[in-house]
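Here are some notes from my pass through the model, point by point. Have the viewer open while you read.

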Amino acid sequence: TVAQWAEVWLGTYKKGNMTDKSFLTYQEKLDGYVLPAIGRMKMKDVREPNLQRILNDERGRSFSHVSKLRMVIRGMFARAYSAGIINRDPAANLVLPKTTKGTHRKLTERERAAVLAVADRDEHNACLWVKLMLYCGLRPGETAALQWKDIDFKRGILHVTKAKESGKNVIKSTKTEAGHRDIPIPDALLEDLKRKQRGPFETVLHQARDMSKPHTESSMRAMWRSFKRLVDIEMGAKIFRLQVVEHGEPDELYNSLTPYCFRHTFCTDLQDAGVPLNVAKYLMGHQDITMTANIYTHTSDEMVRQAAELTQKHEAKKRKKREA
């Protein structure tokens, strides 16, 4: 089967021949996208349309994600062909669907309402995780390293000092010095944290099936897929036999909704609130202010409205001064 060959391919040709991070990327693409779709099929029965549909389902996602997924599929089937496992390569001519490039996007107002509706019900283990990213701008890796001792409940401050290393399940200091920062906690989130507070050295977030285990990259991906499904249903997705057959929003928006969208939304919220660029850079933990500026250059309806009001007030003052 495809699943059996994937295990052989990874263990024989990839493990030990690439960095740990690259190997985890291969494993993530297989476990998250390829095997759920065709894992039970026989390798000899897989046709090009089976593989193309896997890519097409990721339409609207980032170019990086989709191109890596195609690379993994191509590599696995090309090796199967050269090893004589199959007598033709169905992945040779796969084409990339439409993708996006550049920075992550912010939530639409409809998405924000649906996300908070699900999160406020507090019926899913991702609810607190999502709020930490949306209200404090944390990176997913920073949420995985967060401990109760990092939260100053009296002052309402969250201390960010550690993060899970990308591609590994290792907690270490933030990647750059800029990652060390203190973030004010909104009252609504602070109350949620108080209700869930546990031992001072325990992690704030944990795997649903084992409260003593902090999250790994794979467990966070699984948690996100489950939470995103609830958001999709909240937005009107159509369900048939427990499967989503039509998303509650356009496929392009649905496919591009990732955990980093919450962090991006946090930054645009800072901009809408009039927070100076240098302060936003600190709160985001950006090493380079141009990273913050790239997000701050995105306009919103609220920003345009505020600019119009300021312009009108300024013109009114000038007119009164001339008349005087």
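1. Cavities first. Searching the whole of this predicted model turns up one cavity of 30 Å³ or more. The space in the largest cavity comes to about 40 Å³.

2. What lines it? The residues around the largest cavity are E142, A145, L146, D150, H159, V160, T161 and K162. By class, that lining splits into three nonpolar, two polar and three charged residues. If you want to find the spot by secondary structure, look at α7 (140-145) and β2 (157-160), since each supplies at least two residues of the lining.

3. On to the sheet, where β2 turns up again. The sheet is open, has three strands in the order β1-β2-β5, and pairs in the antiparallel sense. The edges belong to β1 (151-152) and β5 (181-184); each has a single partner strand, so one side of each is left without a neighbour in the sheet.

4. A closer look at the β1 and β2 pairing: two bridges hold the antiparallel match on record here. For one of the residue pairs, D152 has I157 in β2 as its bridge partner.

5. Last, a helix pair. The axes of α11 (residues 260-272) and α13 (residues 289-296) come within 9 Å and cross at roughly 75°. Angles from 65 to 115 degrees count as roughly perpendicular, and α11 and α13 are therefore roughly perpendicular to each other.

6. Who touches whom in that pair? From α11, H264, C267, T268, L270 and Q271 meet T292, I295 and Y296 of α13. The contact of α11 with α13 has four nonpolar and four polar residues, with no charged ones.

Terms used
Residues numbered from 1 in each chain as written. Predicted model: local features only at pLDDT ≥ 70, side-chain atom pairs only at ≥ 80, totals over all residues. Heavy atoms only, no water. Axes fitted to C-alpha atoms, helices over the stretch in contact; angles between N-to-C directions. Helix = DSSP H or I, 4+ residues; strand = E, 2+ residues; numbered from the N terminus. Parallel < 35°, antiparallel > 145°, perpendicular 65-115°, else oblique. Contact = heavy atoms within 4.5 Å. Nonpolar A, V, L, I, M, F, W, Y, C, P; charged D, E, K, R; others polar. 1 Å grid on protein atoms, 1.4 Å probe; cavity = no way out; pocket = protein on both sides within 12 Å on 5 of 7 lines; lining within 4 Å. Points joined across faces, edges and corners; volume = space filled by probe spheres on them. Pairing = 2+ DSSP bridges.
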